[in-house]
Amino acid sequence: MIRFRSTRGEPSTVPLSAALYRGIAPDGGLYVPESWPRRSPEDFRGRQTLAEIGETLLQPFFEGDVLEPALPAIAADAFSIPAPLVPIAGLDAGERASMLELYWGPTAAFKDFGARFLAAALERLAGAKRTRPLTILVATSGDTGGAVAAAFHRRPFAQVVVLYPRGLVSPRQEQQLTCWGDNVRALSVRGSFDDCQRLVKEAFADPRLRAALDFSSANSINVGRLLPQAVYYAQASLQIFAAHGAKASFVIPAGNLGNSLACVWAKEMGLPIDAIVLAHNQNRGVPDLLATGRFEPRPSVATLASAMDVGNPSNLERLLALYPEIEQLRAKVSALSVDDAAIRERIRAEHAATGLILCPHTATAAEAYRRLPPDQRRRGPWVWVATAHPAKFPETVEPLIGRPVAIPESLARLLELPAQKTEIEASLSALAAQLCP
Ligand SMILES: *Cc1c(COP(=O)(O)O)cnc(C)c1O
């Protein structure tokens, strides 16, 4: 049985369900597995679907936990979204690459996988403990809130309250936060994203609210959002290993490093993964860390790949817990930074050369791939990780490719639902009045 420890060195460990429920360790650190199960491709023989691979990969983390009997049901529930690997045509001779499309979930971005897994697991946990409904508070600057809302919608064990800064999310993002109803409410806060985050922290710390409500958090530092992301890297690398007899290398659009860390974890577990390249936008703290050996947290800068606008990535703490020496880190990952002009040019050029339509985040990965030395590109097979569907960003993508982007059916359905939101002041008393009228 694999337990979880804090990145900050507190000696006690907890089982999976406690790590999911608490979100953050008592010493303020992040939960990481205390050891790694070793898996080889043979362990996955006969296992093909994402749900089957997820069950096999995650079994050691569930072993001995109260959630163990629920693993098959959780995997079936959470991994019902496909993660297809689609070959890329029109590359230079000797290059093999495919795109891992992580955008076929309800909100058309990879965050649907982690949010659904966490919701499915917490639902079984709450059932087992027979607690009052959980109150899930999420502050969002765009994508996370939509994925969490979609994942918890119509799961009555929880009520979800999403806080977002009024006027600071795109119209399509706002629709994805406000279209749910039932057990999901959206609060449009007269303030900034930082105000929304502060309100969530204040609510969690407020004695009156804590007595009245059972709070839980679903933010991206919960280990329950990371583990399921290792599953699509397992599936993609196993498919490539079966087809080519070679390890897969990944280029990953990176912000808070959650998606990238899941790939690193899959490799630690023995999956056939070779190089891992982190593609950042102009928030270049991690590429600079790899170049200089020093990390300097900075305020985030706004870019076209806005879901990656992170100046101080929280999952860096987990990456450094695994590879404390800079030389170890350099041996495991490389990173580079792509500016907005290069993102735009890559969206335009990739559509012209290969017919692919990329979202601004995925375009940073495509650009990072194109900047690799030719011999490294030929060493492949490579995988470009596509983190969102381009139809989420029509105002950027459509002028560059000169035509409209077709909207996936699941996203189209959301865009037609009636929106419901409540506007509040950026104060704890205004939030409290909504939570405990
Ligand atoms: C969140 C997000 C990212 C960044 O992922 P991290 O896990 O924060 O590194 C990249 N692309 C899209 C579309 C996202 O929503």
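Two strands are said to pair if DSSP finds at least two bridges between them. Strands of a sheet pair through backbone hydrogen bonds, either parallel or antiparallel. With that in mind, this predicted model can be read from its sheet outwards.

**The sheet**

Six strands form an open sheet with mixed pairing, and their order across the sheet is β3-β4-β12-β9-β10-β11. The edge strands are β3, residues 85–87, and β11, residues 334–337, each of which pairs on one side only. From one strand to the next, the twist averages 25°. Helix α11, residues 285–292, packs on this sheet and touches β10 and β11, with a direction that makes about 125° with that of β11. Within the sheet, strand β9 (residues 248–253) pairs in the parallel sense with strand β10 (residues 273–280) over five bridges, and Ile 252 stands opposite Leu 278 in β10.

**A pair of helices**

Helix α2, residues 50–62, and helix α3, residues 71–78, have axes that come within 9 Å and cross at roughly 135°. Because angles of 65 to 115 degrees count as roughly perpendicular and those over 145 as roughly antiparallel, this crossing makes α2 oblique to α3. The crossing of α2 and α3 is also right-handed. On the α2 side the contact includes Leu 58 and Phe 62, which belong to a group that meets α3 residues including Leu 71 and Ile 74. By class, the contact of α2 with α3 has eight nonpolar residues, one polar and one charged.

**Residues in loops**

Gly 23 is found in the loop between α1 (16–22) and β2 (31–33). Leaving aside residues up to four places away in sequence, Gly 23 touches Tyr 31, Ile 221 and Asn 222. Gly 23 and Arg 225 are 202 residues apart in sequence, while their C-alpha atoms are 9.9 Å apart in space.

Another loop, between α16 (374–379) and β12 (382–386), holds Pro 381, and the peptide bond that joins Gly 380 and Pro 381 is cis, with omega about -5°.

Two further loop residues, neither of them glycine, have a positive phi, as the table sets out.

| Residue | Phi | Loop between | Relative accessibility |
|---|---|---|---|
| Ala 108 | near 60° | β4 (97–101) and α4 (111–129) | 1% |
| Asp 182 | near 55° | α6 (171–178) and β7 (184–190) | 54% |

Are these loop residues buried or exposed? Since buried means under 20% relative accessible area and exposed means over 50%, Ala 108 at 1% counts as buried, whereas Asp 182 at 54% is exposed. By that cut-off Gly 23, at 5% relative accessibility, counts as buried.

Key: Residues numbered from 1 in each chain as written. Predicted model: local features only at pLDDT ≥ 70, side-chain atom pairs only at ≥ 80, totals over all residues. Heavy atoms only, no water. Helix = DSSP H or I, 4+ residues; strand = E, 2+ residues; numbered from the N terminus. Axes fitted to C-alpha atoms, helices over the stretch in contact; angles between N-to-C directions. Contact = heavy atoms within 4.5 Å. Parallel < 35°, antiparallel > 145°, perpendicular 65-115°, else oblique. Left-handed = near helix turned anticlockwise from the far one by under 90°. Nonpolar A, V, L, I, M, F, W, Y, C, P; charged D, E, K, R; others polar. Buried < 20%, exposed > 50% of the residue type's maximum accessible area, 1.4 Å probe, protein only.
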